[in-house]
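User: I am new to this structure and would like to learn how to read it. Please take me through its features one at a time.

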Amino acid sequence: MDLLLEVRNLETWYGPIAAMQGVNLQVEKGQMVAVLGANGAGKTTLLNTLAGVIDPFKGQVLFNDQAIHGLDADKVCRHGLVLVPEARQIYPFLSVRENLNMGAYTRRDPSGVSKDLERVFQWFPRLKEREQQHAGLLSGGEQQMLAIGRAYMAQPKLLMLDEPSLGLSPLLTKEIFNIISRIRQETGTSVLVVEQNAAIALAHADFGYIMELGRIVAADTCEALSQKSDVKEAYLGGHVAQGLSGTSQRWKRRKTWR
Ligand code: ATP
């Protein structure tokens, strides 16, 4: 097993609130890993902690065997963990091309920028068509494409995506996930994606974790997770708010795993 990311016993608090506790997670080189969970499960907190946006209270994050927990976000990005945030956070008054160039800001060597830019335009021809337009004029789906393209311009070893399906139609969600898989296949970039849309995430990823109330409650191959009756019931049947434990509201009533 060729590990890229190893998360050990990670814990993050917002003031007096523990948003995430005891999280252990691994991503192998070239692998796509999904973290599934309902609203408020702690998925964004996990990605923001890995990306250096929030400091963990406890635990370790090893990337290529180097400890990166507690580093500032720009340093984490230079190590190759690049986040596509939930709100996309594009620059609305810059053009599409300028937004993509902003992604290359953390590079030490600018020599490959134009080649990578061409690659992004191949994956997302719609961005090429709108290259000179203000990014704020793009549709939601196009902004998601731009956010992914901009992250690629930072030369990720691990592309971390926070709910790429948010606000998108089923058709666009499918298109976005197909391109994420294509980026992974063509470049060998590993992917860590957090999603509420369990069906699409399980269909594309190799390995999955389920998060409830700040903790990982299940971990298995996506194939195995998709076949578990309790996962089907809680996450694939349109009852996401129920969660695997039958409640998203309380820690104590956690169920026994089948
Ligand atoms: P969503 O899909 O709604 O974004 P999530 O799984 O990403 O959900 P988080 O956003 O990580 O969950 O939130 C985890 C918990 O931490 C929630 O209970 C949330 O209310 C709380 N939380 C998140 N951000 C803050 C904050 N800035 N201050 C205080 N509590 C927060």
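Analyst: What follows goes through the ligand site, the nonpolar cores and then some single residues. The model is predicted, so local features need pLDDT of at least 70 and side-chain atom pairs count only at pLDDT 80 or more, while totals for chains, interfaces and linings use all residues. Residues are numbered from 1 along each chain as its sequence is written, and side-chain values use heavy atoms, with hydrogens and water left out.

User: Which residues come nearest to the ligand?

Analyst: A residue is near a molecule if one of its heavy atoms lies within 4 Å of it. Here 13 residues surround the ligand, and Asn 39, Gly 40, Lys 43, Thr 44 and Thr 45 come nearest. Helix H1 (residues 43–50) supplies three residues, the largest share of this shell. Helices (H or I, at least four residues) and strands (E, at least two) are DSSP runs, numbered from the N terminus.

User: How many residues of the shell are nonpolar, polar and charged?

Analyst: Ala, Val, Leu, Ile, Met, Phe, Trp, Tyr, Cys and Pro count as nonpolar; Asp, Glu, Lys and Arg count as charged; the others, Gly among them, count as polar. By that scheme the shell holds four nonpolar, six polar and three charged residues.

User: Where do polar atoms of the protein lie close to oxygen atoms of the ligand?

Analyst: A polar contact is a pair of N or O atoms within 3.5 Å; within protein, one must be able to donate a hydrogen and the other to accept it, and residues adjacent in sequence count only if both atoms are side-chain atoms. In this model, a polar side-chain atom of Asn 39 is 2.7 Å from a ligand oxygen. A polar backbone atom of Gly 42 lies 2.9 Å from an oxygen atom of the ligand, and a side-chain N or O atom of Glu 163 lies 3.0 Å from one. The ligand taken alone exposes 630 Å², of which the protein buries 61%. Accessible areas come from the Shrake-Rupley method with a 1.4 Å probe; for residues, only the protein chains shown count as cover.

User: Which residues touch the most other members of the largest nonpolar core?

Analyst: A nonpolar core is a set of buried Ala, Val, Leu, Ile, Met, Phe, Trp, Tyr and Cys residues joined through side-chain atoms within 4.5 Å. Buried means under 20% relative accessible area, exposed over 50%, and partly exposed in between (1.4 Å probe, protein chains only). The largest core has 51 residues, and Leu 100, Phe 124, Leu 127, Leu 146, Ile 148, Leu 161 and Ile 210 touch the most other members. Another core lies apart from it, with 27 residues including Met 20, Val 33, Leu 83 and Leu 192.

User: What does Ile 180 touch, beyond residues up to four places away in sequence?

Analyst: Contact means heavy atoms within 4.5 Å. Ile 180 sits in helix H7 and touches Met 32, Ile 148, Leu 161, Pro 164 and Val 191, with residues up to four places away in sequence not counted. Its C-alpha is 9.5 Å from that of Leu 161, although the two are 19 residues apart in sequence.

User: Why is Ile 180 classed as buried or exposed?

Analyst: Ile 180 is classed as buried because its relative accessible area is 1%.

User: What does the side chain of Arg 184 make a polar contact with?

Analyst: Arg 184, also in helix H7, makes a polar contact through its side chain with the side chain of Asp 206, at 2.6 Å. Arg 184 counts as buried, at 17% relative accessibility. Among its contacts beyond four places in sequence are Gly 30, Met 32 and His 204. His 204 is in helix H8 (residues 198–204) and is likewise counted as buried, at 17%.

User: Which residues have a positive phi although they are not glycine?

Analyst: Most residues other than glycine have a negative phi. Asn 64 has a positive phi of about 50°, in the loop between strand S4 (58–63) and strand S5 (66–67). Glu 163 has a positive phi of about 45° and lies in the loop between strand S7 (158–162) and helix H7 (170–187).

User: Are these two residues buried or partly exposed?

Analyst: Asn 64 is partly exposed, with a relative accessible area of 28%, whereas Glu 163 counts as buried at 4%.
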